[in-house]
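Student: Please take me through one part of this model closely, starting with a strand pairing and moving on to the space beside it.

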Amino acid sequence: MRFSSSFRTAMASPFTVHRLHMRGRSPVVKCLNTIETILRRSVGTEPVVAHTEGAQGDDSGEKDGPKSLSELMADRQEQAEKSVLISCPSRTSEKKFLKFLSKHGDINKHFFYESYGVYAVVEFARRDSVVSLLESAAIPNVNHECMVPFKSRLLSLSNQSSAASPAQQPRLPCRPQTTIAINELIQRLSREDSVDDQMGALTEAYQLTEENSRLRFLVCSLLKDVAAAYFPECTIRPFGSSVNGFGKLGCDLDMFLDLDTISGWNFKPPKSGLSLEYQMKRTNSERHVTQSILSVIGECVDHFGPGCVGVQKILNARCPLVRFAHQPSGFQCDLTANNRVAMKSTELLYLYGELDPRVRRLVFTVRFWARAHGVTSSIPGAWITNFSLTVMILFFLQKRSPPIIPTLDRLRDLAGPADESVIEGTDCTFVSDFSKIQLQSNTDTLEQLLGDFFEFYATFPFSRMSINIRKGREQNKPEVAPLHIQNPFETSLNVSKNVNTSQLDRFVALCQESAWLLQQGEARTQRGSGGNCMDNPWGLATLLLPSKVAGIKGRKKYKKEGASERIKSLLESLKNKNEEPKR
């Protein structure tokens, strides 16, 4: 959120903000018929590209290659603005449901999922179809004095017809919104033919689906409807794992309240004659403005937001936020209002993930491995965070010979005038046009990269050196900390400052163990030829089995003999378990 120029510490008054007029939105879609094919990821983690198979009406000027994150988000937001979220009885006729809704206009896409009941996400072809649908909806028939009359695009479907019993209707086909259990994943990976295939299968099983991504943008759009009571021109955008390409099913939904979309920020008064300015409330500081805005929005969400529960206003944090659970979607949500550097970090990770499909698969694999062994955690503490781990992976890929991805300084050099971005004195500029980025030819397999990643950090001089993806090389530590990872943009900050010595030692020991396991015969067990029976865990699957690395004092060399006996025992145990007859 920008509070600069003559309005740096201004907060819009609820009595004057309704006088603001909506600015025209920038074009977001050149051809509605190609939105889904452009945005849908192919199986695995191939880059998001503008596929033309079966598309109609493509513009001849459509650029090749992946879309920038801003373009992708504009498309997603456009979809969300034309969508509604409807709670449905599980025994509803899908055909009748769609016929009922289509009276208000053509439907582009719909899907069902479960979260405290069955819900449908329905995207119409036109926004006026949503208006028509909402005009036909009724307020629940209960005592009006105990009902908050806030109308949103979160609706409930009821069926007054007695022609068919609900029990006679088939259950609605629900799309999964959660990940599979690790035991099931190990079995699935053990059936693959190579470590590369295993890493692709893991990514495919855990990455955000098309439907889950649409749902995240819809939740942001629904929350924007609440915030618009005070700021009609505001936008709420997801950031972090929800959009950077590295999010897994079930990850939190981080949201950013963007007030830069409000018209009038850069108004230049005439040199002579009359002009008008809004009168606005002024406060002591920009931070106080942010806290005030989030406090008000938090109250609205708590008292008026349908499906929003457990609202916490955490306003004294380094980055003030409002935290709550959105039951209809099942998401744990964090809303911030002054975190624009985090948005640029999101864009940077998205760009790196789109440059080469190996980047995303390696990140998914290492992050899953780290969570399986407690290297990372959803609970704040001394653990390595997903962001820190992702930066470590990017740094490793920059260090390859030849490099797989460019340094941030190189991306800065390729940037044009439209890419310039300075946020509160911090230079966050880097190129967004993929066609300007020329990659070097590197043919390393995913199996090579995974093994070398573990070896790289098993011997990395953490006691002396800092990790820096802006330069792509180690640098002397500027401060005393077990792990030092320079923030890509706010370079004076250490994004891993929370990590303590014991956690770093445990990470190093696990890297030593995993590097060794990938080199052993147990890790390369050939698949058997017997039917559909599960084979012994091998390759990546062995790395996800429980580890004995714990409570290490000092970085001692991991004993291979102990690991060998332990892994043989674990493999034999799992094999016997799967050979037990099913009852």
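**A hairpin and the largest cavity**

Tutor: Strand 9 (residues 308-314) runs antiparallel to strand 10, and the two are paired over five bridges (strands are DSSP E runs of at least two residues, helices H or I runs of at least four, numbered from the N terminus; pairing needs at least two DSSP bridges). Do keep in mind that this is a predicted model, where local features need pLDDT of at least 70 and side-chain atom pairs 80 or more, while totals for chains, interfaces and linings use all residues. Residues are numbered from 1 along each chain, and side-chain values use heavy atoms, without hydrogens or water.

Within this pairing, Lys313 sits opposite Val322 of strand 10. Six residues separate the two strands, which form a hairpin.

Strand 10 (321-326) also takes us to the largest cavity, since both this strand and helix 7 (210-227) supply at least two of its lining residues. Helix 7 gives the largest share, four residues. The full lining is Phe150, Ser152, Leu154, Val219, Leu222, Leu223, Val226, Gly305, Pro306, Cys308, Phe324 and His326. A cavity is a set of points on a 1 Å grid over the protein atoms alone where a 1.4 Å probe fits but cannot get out, and lining residues have an atom within 4 Å of a point.

By character, the lining has nine nonpolar residues, three polar and no charged (Ala, Val, Leu, Ile, Met, Phe, Trp, Tyr, Cys and Pro are nonpolar; Asp, Glu, Lys and Arg charged; the others, including Gly, polar). The largest cavity holds about 100 Å³, and the whole structure has four cavities of 30 Å³ or more (volume is the space filled by probe spheres on points joined across faces, edges and corners).

Note on methods
On a 1 Å grid over the protein atoms alone, a cavity is a set of points where a 1.4 Å probe fits but cannot get out, and a pocket is an open set with protein on both sides within 12 Å along at least five of seven lines; lining residues have an atom within 4 Å of a point.
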